[in-house]
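Biologist: Please take one part of this model and examine it closely, setting it within the chain as a whole. I should like the terms defined as they arise.

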Amino acid sequence: ILVGADERLKRYRHPLPTAHKIKNIVMMVICAKGYGLIANLTRIVHFGKIPADLKRRHEACVQVECAMWHETVPGVEARDVFQAAALEYARQGFVGEWKKHHQGGPTGYETRDFLATLHEKREIQLNQAVAWNPSITGTKSEDTILVTSKDLEVLTPTLGWPMLKVLYGGKLYSRPDILEKGRLL
């Protein structure tokens, strides 16, 4: 479990928990192991009205993730998924942001069995679990998905969480938004 709040989100993509008390925003990254397999997810909660700049960055990050999901089909090389992410970062106005953190990869027996890179030739496999985790300073989007013969199945849904509907490549994706809560005392 990784937890970071406020200014630490801008400095750390994988924040270790500290004694820092949350003021406005918290990001929780969970890598849970059960039955020998690992699933990964990230969720963000903002206390008070979400600033427009944060909302814009999160929506851009989700667009990058949808580009990655769109390319995640059996037989596609991990580098092709990575390239789709790099191109979408640029389209969203965040050129080079992908250089600040790994973008994820297949998961299962490890938090990542291998990481997608510009040169990773291993292919996405049928019935493989994958966790992409694009991030833009201050935000990240991540779920574990299963690559099936019909579609991608989200293995880490969070019931009751606010969702963004994103149309990408002619397909509608549902991705977690930032949860907005009342101000902390």
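Modeller: The protein chain holds 3 helices and 12 strands, where helices (H or I, at least four residues) and strands (E, at least two) are DSSP runs numbered from the N terminus. This is a predicted model, in which local features need pLDDT of at least 70 and side-chain atom pairs count only at pLDDT 80 or more, while totals for chains, interfaces and linings use all residues. Residues are numbered from 1 along each chain as its sequence is written, and side-chain values use heavy atoms, with hydrogens and water left out.

The part chosen is helix α3, residues 78-91. Helix α3 has 14 residues and reaches 20 Å from its first C-alpha to its last, close to the 20 Å expected at 1.5 Å a residue; the expected span is 1.5 Å times one less than the number of residues. Within α3, the residues A78, V81, F82, A84, A85, A86, E88 and Y89 are buried. Buried means under 20% relative accessible area, exposed over 50%, and partly exposed in between, with a 1.4 Å probe and protein chains only. The cover over these buried residues of α3 includes α2 (52-71), β5 (129-132), β6 (135-136) and β10 (163-168), contact being heavy atoms within 4.5 Å. Just after α3, G93 takes a positive phi of about 90°.

Two of the covering strands lead to further residues. Strand β10 follows a loop after β9 (152-154), and L155 is found in that loop. Because its relative accessibility is 40%, L155 counts as partly exposed. Leaving aside neighbours within four places in sequence, L155 is in contact with A129, T144, I145 and L146. Of these, A129 is 26 residues from L155 in sequence and 8.5 Å from it in space, C-alpha to C-alpha. Strand β5 is preceded by a loop from β4 (104-107), and this loop contains N127. N127 has a positive phi of about 65° although it is not a glycine, and at 53% relative accessibility N127 counts as exposed.

Another positive phi is found at Y35, a residue other than glycine, with a value near 55°. Y35 is in the loop between β2 (25-34) and β3 (37-47), and it is exposed, with a relative accessible area of 89%. Strand β2 also contains A32, which is partly exposed at 40%. Apart from neighbours within four places in sequence, A32 is in contact with L37, I38 and A39. The C-alpha atoms of A32 and L179, 147 residues apart along the chain, are separated by 21 Å.

As for the setting of α3, 50% of the 185 residues of the protein chain count as buried. A compact globule of 185 residues would have a radius of gyration near 16 Å, and the protein chain agrees, with 16 Å; the radius is taken over C-alpha atoms, and the globule rule is 2.2 Å times the number of residues to the power 0.38. The C-alpha atoms fill a box of roughly 50 × 40 × 30 Å along the principal axes. Among contacts between residues at least 6 apart in sequence, 57% join residues at least 24 apart. The protein chain exposes about 9500 Å², of which carbon and sulfur atoms supply 57%, by the Shrake-Rupley method with a 1.4 Å probe.
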